[in-house]
Amino acid sequence: MPQNTVEKAPVTLLGLGAMGTALARAWLAAGHPLVVWNRTPARAAPLAAEGASVADSAAEAVAANTLVVVCLLDDTSVDEVLAGTDLAGRDLVNLSTSTPAEARARAEWARERGARYLDGGIMAVPPMIGVPEAGGHVFYSGSRELFERHRETLGVPAGTTYVGEDAGFASLYDMALLAAMYGMFAGAAHAFALIRKEDIDPAALAPLVSDWLVAMAPAVHQTADHLRSGDYTEGVVSNLAMQVAGTPTFLSTAEQQGVSPELLRPYFALMRRRLAEGSGDEGLTGVIDLLVRRPADVPTPARSRESMT
């Protein structure tokens, strides 16, 4: 009688913090043989009860499987955990938080040790892992061949989005989206601060803020079009000159409400600088050019990969 069971790819996972534990449970639930290791062994005990094999050391865990996933605090932690392990022939997928430069250096570091490398940026919180309808996904960059080889396994915990051969791109996409998120949170914080002392229910304001942000979100497509074409005036309905003229009202309202304008002032200052350059007919895209420093202005990293190994 033919067998319908499909053998699932085995996975080694290093790091069992909140995110690592969520990843582990997703792979176990999908039937993947899983070897785990954590610097605090007690974190592995619940997963052992769920079917995971617990390695006594990181080196033992790495030796167990070809696919090795690392989910640690930061790039320094990756150095510490993988020191002394034999990575030759391993497919190393690094989901630890890092900068694009660190990811690129880590890819070269892995190559020198005989490993294939894929970097990942997780766009999800632990409760979203293993829940497809939650919408979590992971950006991956580095070896496309490696990504395709493990796409099905990597897609178990969350959706996958491959963003390029440059190992630093996953981190860059991750940080770009998170930067946009924090900018949104900053604006919402100022909005709630304005009503904090008034007889206004924050729960009544919340859906209005949410709906307004959703309505304004498509503006990012116009920004992208402006950056691609170089024409920052195309389709602009509220130009920079008009918007700068309105900023004193925002600052006066904040003062009258007893609210610090520190979340708004830096952006308004950039808008005024751009206007002073004679760009009043543009929208807000030109502010981006003020943020991008010239190569001579970019500081040299304080440490190199060689100094870390």
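A residue is called buried here when its relative accessible area is under 20%. By that criterion, buried residues make up 38% of the 309 residues in this protein, whose structure is a predicted model. The fold contains 12 helices and 8 strands, and its C-alpha atoms fill a box of roughly 70 × 50 × 40 Å along the principal axes. Of the contacts with a separation of 6 or more, 60% link residues that are 24 or more positions apart.

Confidence is a good place to start with any predicted model. The mean pLDDT of the protein is 94, and 93% of its residues reach 70 or more. Two stretches at the chain ends call for a note of caution. Over residues 1–5 the pLDDT stays under 50, and the model shows 0 contacts beyond four places in sequence for them. Residues 300–309 also have a pLDDT below 50, yet this stretch has 15 contacts in the model beyond near neighbours in sequence. Where pLDDT is low, the predicted coordinates should not be read in detail.

The sheet comes next. The 8 strands form an open sheet with mixed pairing, in the order β3-β2-β1-β4-β5-β6-β7-β8. Strands β3 (53–54) and β8 (159–164) stand at the edges with a single partner strand each, so one side of each has no neighbour in the sheet. Strand β1, residues 11–14, is flanked by β2 and β4 in this order. Its pairing with β2 is parallel and uses 4 bridges, while its pairing with β4 (residues 67–70), also parallel, runs over 3 bridges. L14 of β1 takes part on both sides: its bridge partner in β2 is W37, and it stands opposite V70 in β4. Both faces of β1 are covered, with V11 and L13 buried on one side and T12 and L14 buried on the other.

Further along the sheet, β5 and β6 run parallel and are joined by 4 bridges. Within this pair, D91 has R116 of β6 as its bridge partner. Strand β6 is mostly covered, with 7 of its 8 residues buried.

Two helices can be placed directly against these strands. Helix α1 (residues 18–29) lies across β1, β2 (34–37), β4 and β6 (116–123), and runs at about 165° to β1. Helix α5 (residues 100–112) lies across β5 (91–94) and β6, running at about 150° to β6. Strand β6 thus appears in the contacts of α1 and of α5.

Two individual residues add local detail. T21 is found in helix α1 and has a relative accessible area of 16%; because the cut-off for buried is 20%, T21 is classed as buried. Apart from neighbours within four places in sequence, T21 is in contact with L16 and L47. The C-alpha atoms of T21 and R43 are 8.4 Å apart in space, although the two residues are 22 residues apart in sequence. S77, found in helix α4 (residues 75–82), has a relative accessibility of 5% and also counts as buried. Leaving aside neighbours within four places in sequence, S77 is in contact with R39 and L72.

Packing between helices is illustrated by two pairs. Two packed helices are described by the angle between their axes and the distance between the axes. Helices α7 (residues 169–195) and α8 (residues 202–216) pack at about 145°, with axes 11 Å apart, and α7 passes α8 in a right-handed crossing. On the α7 side the contact is made by M184, A191, F192 and I195, and on the α8 side by P202, L205, A206 and L213. By class, this contact has 8 nonpolar residues, with no polar and no charged ones.

In the second pair, the axes of α10 (residues 240–256) and α11 (residues 265–276) come within 10 Å and cross at roughly 145°. The crossing of α10 and α11 is left-handed. Here L240, A241, Q243, V244, T247, F250 and L251 of α10 meet R265, F268, M271, R272, R274 and L275 of α11. The contact of α10 with α11 has 8 nonpolar, 2 polar and 3 charged residues. The pairs can thus be set side by side: the α7 and α8 contact has no polar and no charged residues, whereas the α10 and α11 contact includes 2 polar and 3 charged residues.

Conventions: Residues numbered from 1 in each chain as written. Predicted model: local features only at pLDDT ≥ 70, side-chain atom pairs only at ≥ 80, totals over all residues. Heavy atoms only, no water. Pairing = 2+ DSSP bridges. Contact = heavy atoms within 4.5 Å. Axes fitted to C-alpha atoms, helices over the stretch in contact; angles between N-to-C directions. Left-handed = near helix turned anticlockwise from the far one by under 90°. Nonpolar A, V, L, I, M, F, W, Y, C, P; charged D, E, K, R; others polar. pLDDT = per-residue confidence, 0-100. Buried < 20%, exposed > 50% of the residue type's maximum accessible area, 1.4 Å probe, protein only.
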